[in-house]
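Student: Hi! Could you walk me through this structure? I'd like to ask things as they come up.

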Amino acid sequence: MAAHSLFLEDLEIGQVWTGGPIEMTEADIIRFAREYDPQPMHVDAEAAARGRFGGLIASGWHVAAVVMREFVDSAPFGDTPLLGLKVDDLQWRSAVRPGDLLSIRREIIDVRRSDSKPDRGVLTMLMTVTNQHGAVAMSFVNLIQIPARQAS
């Protein structure tokens with residue numbers, strides 16, 4: 001967890017935070033999929049073994065959800081309230097399987113103060129999720145509203 005709250009003025013392009021590992025268990029994969037994405041490759045090991053992935057895989061939405069949970073739990077910006085504005089270029093690039101350990105790299109690629117609301121700004125982060133072999137499982141660009149410490 002961050003030692004203190006970070007605000008717009010504390011951030012710059014190139015800053016990186018890492019997270020994980022997050023273990024993806026078969027039970028969790030099936031439980032999530034039964035509730036939110038009940039396709040055979042996510043809920044039925046036998047059907048998944050016959051399918052194009054050759055075995056059970058996690059729903060991409062499950063991967064996104066655990067990455068979000070890790071972000072909230074790790075609180076890289078401390079207690080600063082953040083508001084997600086947009087996700088761009090969401091890509092599920094390789095299958096996530098039971099037993100995979102996911103790591104997250106969050107890199108600031110843009111920081112700007114709002115012209116119309118100078119008490120806040122927009123932080124753009126590139127999120128990259130990899131498995132234990134370094135294969136990219138998911139990536140996306142996230143726009144986040146962050147308060148400024150002071151208006152300028």
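Student: How many bridges join E3 to E4, and which way do the two run?
Tutor: 10 bridges join E3 to E4, and the two run antiparallel. Strands (E, at least two residues) and helices (H or I, at least four) are DSSP runs, numbered from the N terminus. Before we go on: this is a predicted model, where local features need pLDDT of at least 70, side-chain atom pairs count only at pLDDT 80 or more, and totals for chains, interfaces and linings use all residues. Residues are numbered from 1 along each chain as its sequence is written, and side-chain values use heavy atoms, with hydrogens and water left out.

Student: Thanks. What joins E3 to E4 along the chain?
Tutor: A hairpin, through 6 residues. For one bridge pair, take Arg-105, whose partner in E4 is Thr-128.

Student: And which order do the strands of the sheet have?
Tutor: The sheet is open, with 5 strands in the order E1-E3-E4-E5-E2 and antiparallel pairing. Strand E1 (16–23) and strand E2 (83–92) are the edges, each pairing on one side only. Two strands count as paired if DSSP finds at least two bridges between them. On average, neighbouring strands of this sheet are turned by 20 degrees against each other, direction ignored.

Student: How many bridges join E1 to E3?
Tutor: 6, and those strands run antiparallel. Ile-22 stands opposite Leu-102 in E3.

Student: Then the other edge: how many bridges join E2 to E5?
Tutor: 7 bridges join E2 to strand E5 (residues 136–147), again an antiparallel pair. One bridge there links Asp-88 with Val-141 in E5.

Student: Which helix packs on the sheet?
Tutor: Helix H4 (residues 60–74), which touches E1, E2, strand E3 (101–113), strand E4 (120–130) and E5. Its direction makes about 70 degrees with that of E3. A contact means heavy atoms within 4.5 Å. Axes are lines fitted to C-alpha atoms, for helices over the stretch in contact, and angles run from 0 to 180 degrees between N-to-C directions.

Student: Switching to loops, where does Phe-53 lie?
Tutor: In the loop between helix H3 (45–50) and H4. Leaving aside residues up to four places away in sequence, Phe-53 touches Ala-95 and Arg-97. Phe-53 and Arg-97 are 44 residues apart along the chain, with their C-alpha atoms 9.7 Å apart.

Student: Why does Phe-53 count as partly exposed?
Tutor: Because its relative accessible area is 26%. Buried is under 20%, exposed over 50%, and partly exposed in between, with a 1.4 Å probe and protein chains only.

Student: What about Pro-38, buried or exposed?
Tutor: Pro-38 counts as exposed, because its relative accessibility is 57%. Its place is the loop between helix H1 (26–36) and helix H2 (40–43). Beyond residues up to four places away in sequence, Pro-38 touches Ala-33 and Val-43.

Student: OK, zooming out: how do the elements run from the N terminus?
Tutor: They run β-α-α-α-α-β-β-β-β, which comes to 4 helices and 5 strands. The C-alpha trace spans about 60 × 30 × 25 Å along its principal axes.

Student: And what share of the residues is buried?
Tutor: Buried residues make up 39% of the 152. Among contacts between residues at least 6 apart in sequence, 71% join residues at least 24 apart.
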